[in-house]
Amino acid sequence: QGQVELWSRAAESMFGWKAEELVGKPLPIVPPEKQAEFDVLLEKTVAGQAISGLETQRQRKDGTRLDILHSTAALHDAHGALVGVMGLLANITERKQLEDQFRQAQKMEGIGKLAGGIAHDFNNLLTVIMGYSDLLLTGRDLKDSHRTALEEIRRSAERGGTLTHQLLAFSRRQP
């Protein structure tokens, strides 16, 4: 009939409601956007289908959400008549957060490798630019305006080299 008949101490700890607050009342842990999902699960369980290991969300008394691993089974009396549904919920919120952090770390590692590859290729281009500007700067009949421009090209390439070394350090996780 959709009412809580038994509320364990573990459920009290996980969700924040005391047994006295819930026994005989509707289950309050289902967020509104998960109600349709819950109704389908209940319907399947009542029909005899056990649900095991479904990842979903439920809410605590204070409104915070928990990622949970949801399993349910129908309860029958000695004559086989349905007398209730038992739900086992495991809080996997921390595990999900760690999985998200791990995925983020993998993305950062990929970005680091990409940055390292780009920085290496860019550094090769800068080496060519600095080499040619050094060669041109050794010319004796170079106009002052050209010398100034070449020196600026050389300084810019050196600044680019500094940035490249920073990217390479990032990609190798160096300080």
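User: Happy to be looking at this one with you! How many bridges join strand 2 to strand 3?

Analyst: Good place to start. This is a predicted model, where local features need pLDDT of at least 70, side-chain atom pairs count only at pLDDT 80 or more, and totals for chains, interfaces and linings use all residues. Residues are numbered from 1 along each chain as its sequence is written, and side-chain values use heavy atoms, with hydrogens and water left out. Strands (E, at least two residues) and helices (H or I, at least four) are DSSP runs numbered from the N terminus, and two strands pair if DSSP finds at least two bridges between them. Strand 2 and strand 3 run antiparallel, with Leu 75 opposite Gly 84 in strand 3, and the number of bridges joining them is 9.

User: Thanks! Which residue takes a positive phi in the hairpin of strand 2 and strand 3?

Analyst: This hairpin has 5 residues between the strands. The residue with a positive phi, near 90°, is Gly 80.

User: And in the hairpin of strand 1 and strand 2, what is the phi of Gly 63?

Analyst: Strand 1 and strand 2 pair in the antiparallel sense over 7 bridges, and Thr 56 stands opposite Ile 68 in strand 2. The hairpin has 5 residues between the strands, and Gly 63 in the turn has a positive phi of about 95°.

User: Let's go inside. Which helix gives the most to the largest nonpolar core?

Analyst: A nonpolar core is a set of buried Ala, Val, Leu, Ile, Met, Phe, Trp, Tyr and Cys residues joined through side-chain atoms within 4.5 Å; buried means under 20% relative accessible area, exposed over 50%, and partly exposed in between (1.4 Å probe, protein chains only). Here the largest core has 13 residues, and Trp 7, Phe 15, Trp 17, Leu 22, Ile 29 and Leu 66 touch the most other members. Helix 1 (9-15), helix 2 (19-22) and strand 2 (65-76) each supply at least two residues. The one that gives the most, with 3 residues, is helix 1.

User: Which residues make the nonpolar surface patch of about 270 Å²?

Analyst: Patches are made of residues with over 30% relative accessible area and no salt bridge, with like charges joined within 9 Å and nonpolar side chains (Val, Leu, Ile, Met, Phe, Trp, Tyr) within 5 Å. Helix 3 (35-46) and strand 3 (82-91) each supply at least two of its residues. Leu 82, in strand 3, is partly exposed at 40% relative accessible area. The full set is Leu 42, Val 46, Leu 82 and Val 85.

User: Now charges: is Arg 58 buried or exposed?

Analyst: A salt bridge is a side-chain nitrogen of Lys or Arg within 4 Å of a carboxyl oxygen of Asp or Glu, and Glu 37 forms one with Arg 58, the closest N and O atoms being 3.8 Å apart. Glu 37 lies in helix 3 and Arg 58 in strand 1 (residues 51-59), so the pair ties together parts that are 21 residues apart in sequence. Glu 37 is partly exposed at 26% relative accessibility. At a relative accessible area of 1%, Arg 58 is buried.

User: Last one: which residues are linked with Arg 95 in a network of salt bridges?

Analyst: Arg 95 and Glu 99 meet in a salt bridge at 3.2 Å, N to O. Both lie in helix 4 (residues 93-137), 4 residues apart, about one turn of the helix. In the network, Arg 95 is linked with Glu 55, Lys 96 and Glu 99.

Technical notes
Areas by Shrake-Rupley, 256 points an atom, 1.4 Å probe, with all protein chains shown as cover.
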